[in-house]
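Biologist: Could you take a close look at the cysteines of this protein for me, and at how they are placed? I am new to reading structures, so please go step by step and then show me a few other details of the backbone and the helices.

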Amino acid sequence: MKKSFIIVAACALAAVPAMAQKNIPLVYDSEFTGSKYAEPAYVTVSQAKDNAALPNPFEFANGKKKVKKFKDWEKRRAEIVNELYHYEVGVKPMTDKSEVQAELDGNALTVTVTHNGESLTIKGNITYPDGDGPFPLMIGCGGVNLRPANYWKENGIATFSFNFGQVMAHQQRRGSEPVNRLYPELEENGAYAMWPWGVSRIIDALEILGEQSRIDLKHIGITGCSFAGKMALWSGAFDERIALTIAQEPGGGGAAAWRVSEISDEFRLPQGVEKLGRTDNHWFKESMWDWKDENVTKLPYDHHELVALICPRALLVLGNTDFSWLSDEAGYVSCVAAREVWKKFGIEDRMGYSIQGGHGHCALPQSQYPEVDAFIQKFLLGKDADTDVRHIDGKIKENLPAFGISVENFIPWVSEISGMAKD
């Protein structure tokens, strides 16, 4: 039976002038600045209230307070992190640096993490450009494939390919993965808690090596495509030492809002889209499936808030309308909603999205090169560039009304929407 989604109008927040960029950092020295805050109260499906709109990212979990100043965002952000831990992926363990050893032999980086009497090793080569450095670094999830290899060298950027299988396989066997030896109590964790854990240990190693690494620790980026695009997004969301995240075609479980995907799915049959009940359960907690189908509107959060976790750092989301599975209508709505967080703090130039077809999966077309390059130039190289990137192609413009999807109805908490596509 076709599900009916009713959006209940809500009083819009009064317009709040954007805050100045002064004193708002681009990156942090800490993996998670919110560790000092208490977890919010959690609810079961039977306790949760139905809400067809995207939850207000500025409203604290108890509903009694809203984010008014930038200093409030740290605490609210911590709530969202813990909600994602609890409902979706499991807790990403915090690892003391005393448990991490780093060795750099030429270009070969070896990271050894010892915990619970067990050790795990992550290995890979850092590809350096010419010169002495320190160099910005782009970490690629499974490979740095966003731009050709010579691009990074010519722009003075080092690269590192994260071999995620050294932490957890693409199709994990719960409790039997390398990381489970260290954390056997976390066998229910999804891959999107544990792969980001591995990325964070690489950053730990670079910090331990210091000048020897020849890496500029204030300018670390991460990228990936498809399931690895999700990996990049989750990694950037969970580690505040990452200055720039470029999530390419991350689809459902990435940038796309679960609520919107649930609607667009019925227009995309027989294949459908990667909605909550149809994504890969190896990547998430199995209990997340309690919230599938008609229960998705009871989720206390949605993935516009996963996207917003990267604020105040920089994010570019790339989509591809030639592949309906990616649910880019939901990705677009999510990006518009999330961008309001950057806007509130006067730093909307740090968040962009570009969704267009006409190319293969994970094959970045030349038309998107300038958008990608602008974010790299500005946030990895510290150069001036226009990063007001808000682009969708005609398919999204046609599908939104055809599917009965209204951006405005999904974000009634916004008084004046400014994050929508320019063209």
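Modeller: What follows begins with the cysteines and then turns to unusual backbone spots and to one pair of helices.

This is a predicted model, and a search through the whole of it finds 1 disulfide. The bond joins cysteine 225 to cysteine 362, with 2.2 Å from S to S, and that distance is within the 2.5 Å that a pair of sulfur atoms has to meet to be counted as a disulfide. The torsion about this S-S bond is about -95°, so the disulfide is left-handed. Cysteine 225 belongs to strand β6, residues 215-225, while cysteine 362 sits in the loop between β9 (351-355) and α9 (369-379), so the pair ties together parts that are 137 residues apart in sequence.

The two partners can also be described by how accessible they are. Cysteine 225 has a relative accessibility of 13% and counts as buried, because buried means under 20% relative accessible area. Cysteine 362, with a relative accessible area of 28%, is partly exposed.

Two further cysteines can be followed in the same manner. For cysteine 141, the closest cysteine sulfur is that of cysteine 225, and the 11 Å between them is too far for a bond; cysteine 141 counts as buried, at 5% relative accessibility. For cysteine 311, the closest cysteine sulfur is in cysteine 335, at 13 Å, which is again too far for a bond, and cysteine 311 is buried as well, with a relative accessible area of 1%.

Next comes the backbone, where a general point helps: most residues other than glycine have a negative phi, and most peptide bonds are trans. Against that background, the peptide bond that joins glycine 133 and proline 134 is cis, with omega at about 0°, and proline 134 is found in the loop that lies between β3 (118-127) and β4 (135-141). A cis peptide bond also leads from leucine 269 to proline 270, here with omega near 15°, and proline 270 has its place in the loop between α6 and α7 (303-308).

Positive phi values appear in loops too. Asparagine 116, a residue other than glycine, has a phi near 60°, and asparagine 116 lies in the loop between β2 (108-115) and β3. Aspartate 293 is not a glycine either, yet its phi is positive, at about 55°; this aspartate is placed in the loop between α6 and α7, and at 26% relative accessibility aspartate 293 counts as partly exposed.

Helix α6, which comes before that loop, is also one of a packed pair. Helix α6 (residues 258-265) and helix α8 (residues 328-344) pack at an angle of about 150°, and their axes are 8 Å apart. That angle makes α6 roughly antiparallel to α8, because angles over 145 degrees count as roughly antiparallel. The crossing of the two helices α6 and α8 is right-handed. On the α6 side the contact is made by Val260, Ser261 and Ser264, and on the α8 side by Glu329, Ala330 and Val333. Sorted by class, this contact of α6 with α8 has 3 nonpolar, 2 polar and 1 charged residues.

How values were computed:
Residues numbered from 1 in each chain as written. Predicted model: local features only at pLDDT ≥ 70, side-chain atom pairs only at ≥ 80, totals over all residues. Heavy atoms only, no water. Axes fitted to C-alpha atoms, helices over the stretch in contact; angles between N-to-C directions. Helix = DSSP H or I, 4+ residues; strand = E, 2+ residues; numbered from the N terminus. Parallel < 35°, antiparallel > 145°, perpendicular 65-115°, else oblique. Left-handed = near helix turned anticlockwise from the far one by under 90°. Contact = heavy atoms within 4.5 Å. Nonpolar A, V, L, I, M, F, W, Y, C, P; charged D, E, K, R; others polar. Buried < 20%, exposed > 50% of the residue type's maximum accessible area, 1.4 Å probe, protein only.
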